[in-house]
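Colleague: I would like a close look at the inside of this protein. Please keep it simple, and explain each term as you use it.

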Amino acid sequence: MHGRNAILVTGWFSFLHGEATAGDVLALARVEQVLREAGLAYDVVWSPGFRADGTHFDDVDPAAYSRLVFVCGPVHGPQVEEVHRRFAHCVRIAVGVSVVDPDSPAVTGFHRVLARDAAGTGPGVDLAARAPVLPAVPVVGVVLTHGQHEYEGLRRHEEVAAGLTRWLAGRDCARLELETRLDAHDWRLCGTPAQLEAVLARLDLVVTDRLHGLVLALRAGVPVLAVDPVDGGAKVTAQARACGWPALLAAEQLAGESAEGVLERWWRWCLTDGRARAARIGAGFRAADPVPDPADGLVAALRAASDGGDGAVPGPPRG
């Protein structure tokens with residue numbers, strides 16, 4: 001705490017049952033920027049559900065503050081009214097807020113309201129728009145499967161998904177859950193391969209335990225951190241080998257003590273040297289003389305079958 005003349009900064013991101021939206025937190029960053037540039041000391045109150053290690057209302061001594069700033073969101077409801085009651089001795093200012101009901105005690109309790117939008121006044125630009133520039137973070141597509149029951153006792157899909165998602169939750173990245181399954185009627189899913197490819201092409205990295213998560217990312221020239229979810233390795237391992245892609249872990253590796261170190265090493269490689277490697281592999285799929293695949297032998301197999309040669313598939317019995 002900064003002391004008697006400090007400023008306490010709050011908002012909906014401070015309430016136990018409020019919510020911390022990206023816009024609200026960026027609005028807070030804009031207010032913090034203004035306070036720092038003015039040389040004003042302040043503390044921020046966070047919801048324990050959002051930042052367990054932050055300062056919470058239960059930790060705050062109201063007497064330590066003389067001024068309170070409420071940032072962003074609607075000034076409405078019992079949570080805001082409780083702030084007025086608890087910090088009645090403070091000068092209270094709302095900034096960048098929406099005023100829904102100007103006669104609400106939540107609004108009239110402030111000594112000054114610097115509104116974002118309110119009846120009878122022109123709208124102001126939201127505080128988030130002028131927030132400080134943020135550092136770039138990688139955008140990561142996550143493509144996981146909980147199926148493939150044909151592998152029976154060799155399946156480690158649940159353990160792999162749990163290990164990967166737990167690890168990803170601690171990474172500073174934008175995570176985007178994706179599904180290779182197409183559905184023309186569910187707006188949350190892609191309806192065509194082109195739609196999915198358009199998403200994949202815009203990613204920095206794909207994390208997957210699916211064969212087609214691996215192949216479609218490489219087709220788009222995007223590096224992949226792949227895990228084979230079958231004990232001993234199965235089609236994901238085989239496909240990584242066929243594509244010449246090295247960033248592959250076995251399911252067993254995720255259960256070991258060195259799992260985090262191995263994931264970290266391949267993560268760094270994918271976001272550096274792996275970019276060029278993935279681009280070359282993707283270009284190889286589209287080259288005039290592309291890498292071979294099983295369809296290259298299809299016509300010969302069909303002709304051999306028609307001629308009754310070796311490998312012919314017998315037709316249905318007559319009569």
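How many cavities of 30 Å³ or more does a search of the whole structure find?

Modeller: The search finds one cavity of that size. A word on the model comes before the details. It is predicted, so local features need pLDDT of at least 70 and side-chain atom pairs pLDDT 80 or more, while totals for chains, interfaces and linings use all residues. Residues are numbered from 1 along each chain as its sequence is written, and side-chain values use heavy atoms, without hydrogens or water.

What counts as a cavity? Picture a 1 Å grid over the protein atoms alone: a cavity is a set of points where a 1.4 Å probe fits but cannot get out. Points join across faces, edges and corners, and the volume is the space filled by probe spheres set on them. The largest cavity holds about 40 Å³ of space.

Now look at its walls. A lining residue has an atom within 4 Å of a grid point. Val143, Leu178, Glu179 and Thr180 belong to the lining, together with Leu196, Leu200, His212, Gly213 and Leu216. Two elements, α5 and α6, give two or more residues each. Helix α6 supplies the largest share, three residues. Helices here are DSSP runs of H or I with at least four residues, strands are runs of E with at least two, and both are numbered from the N terminus.

The lining splits into five nonpolar residues, three polar and one charged. Ala, Val, Leu, Ile, Met, Phe, Trp, Tyr, Cys and Pro count as nonpolar; Asp, Glu, Lys and Arg count as charged; the others, Gly among them, are polar.

Next, see how the two helices of this wall are linked. The side chains of Glu197 and Arg219 meet in a salt bridge, at 2.4 Å from N to O. Glu197 sits in helix α5 (193-200) and Arg219 in helix α6 (211-219), so the pair ties together parts that are 22 residues apart in sequence. A salt bridge needs a side-chain nitrogen of Lys or Arg within 4 Å of a carboxyl oxygen of Asp or Glu. Both partners are partly exposed: Glu197 has a relative accessible area of 29%, and Arg219 has 41%. The scale is simple: under 20% is buried, over 50% is exposed, and partly exposed lies in between (1.4 Å probe, protein chains only).

This pair has company. The structure holds 11 salt bridges. Asp186 and Arg188 form one of them, at 3.1 Å. Here Asp186 is buried at 18%, but Arg188 is exposed at 61%. Asp126 and Arg116 form another, at 2.8 Å. Asp126 lies in the loop between β5 (112-118) and β6 (139-143), and Arg116 lies in strand β5, so this bridge ties together parts that are 10 residues apart in sequence. Arg116 is buried, with 17%, while Asp126 is partly exposed, with 24%.

Now step back to the sheets. Strands of a sheet pair through backbone hydrogen bonds, either parallel or antiparallel. Two strands pair if DSSP finds at least two bridges between them. One open sheet has five strands in the order β7-β6-β8-β9-β10, with parallel pairing. Strands β7 (174-178) and β10 (248-250) stand at its edges with a single partner each, so one side of each has no neighbour in the sheet. Neighbouring strands are turned by 20 degrees against each other on average, direction ignored. The angle comes from axes, lines fitted to C-alpha atoms (for helices over the stretch in contact), and angles run from 0 to 180 degrees between N-to-C directions. Look inside this sheet: three bridges join β8 (205-208) to β9 (224-228), and Val207 has Leu225 as its bridge partner in β9.

A further open sheet of five strands has the order β2-β1-β3-β4-β5, again with parallel pairing. Its edges are β2 (42-44) and β5, each with a single partner, so one side of each is left free of a neighbour in the sheet. The average turn between neighbouring strands here is 15 degrees, direction ignored. Five bridges join β3 (65-71) to β4 (91-99). Val71 stands opposite Val95 in β4.

Note on methods. On a 1 Å grid over the protein atoms alone, a cavity is a set of points where a 1.4 Å probe fits but cannot get out, and a pocket is an open set with protein on both sides within 12 Å along at least five of seven lines; lining residues have an atom within 4 Å of a point.
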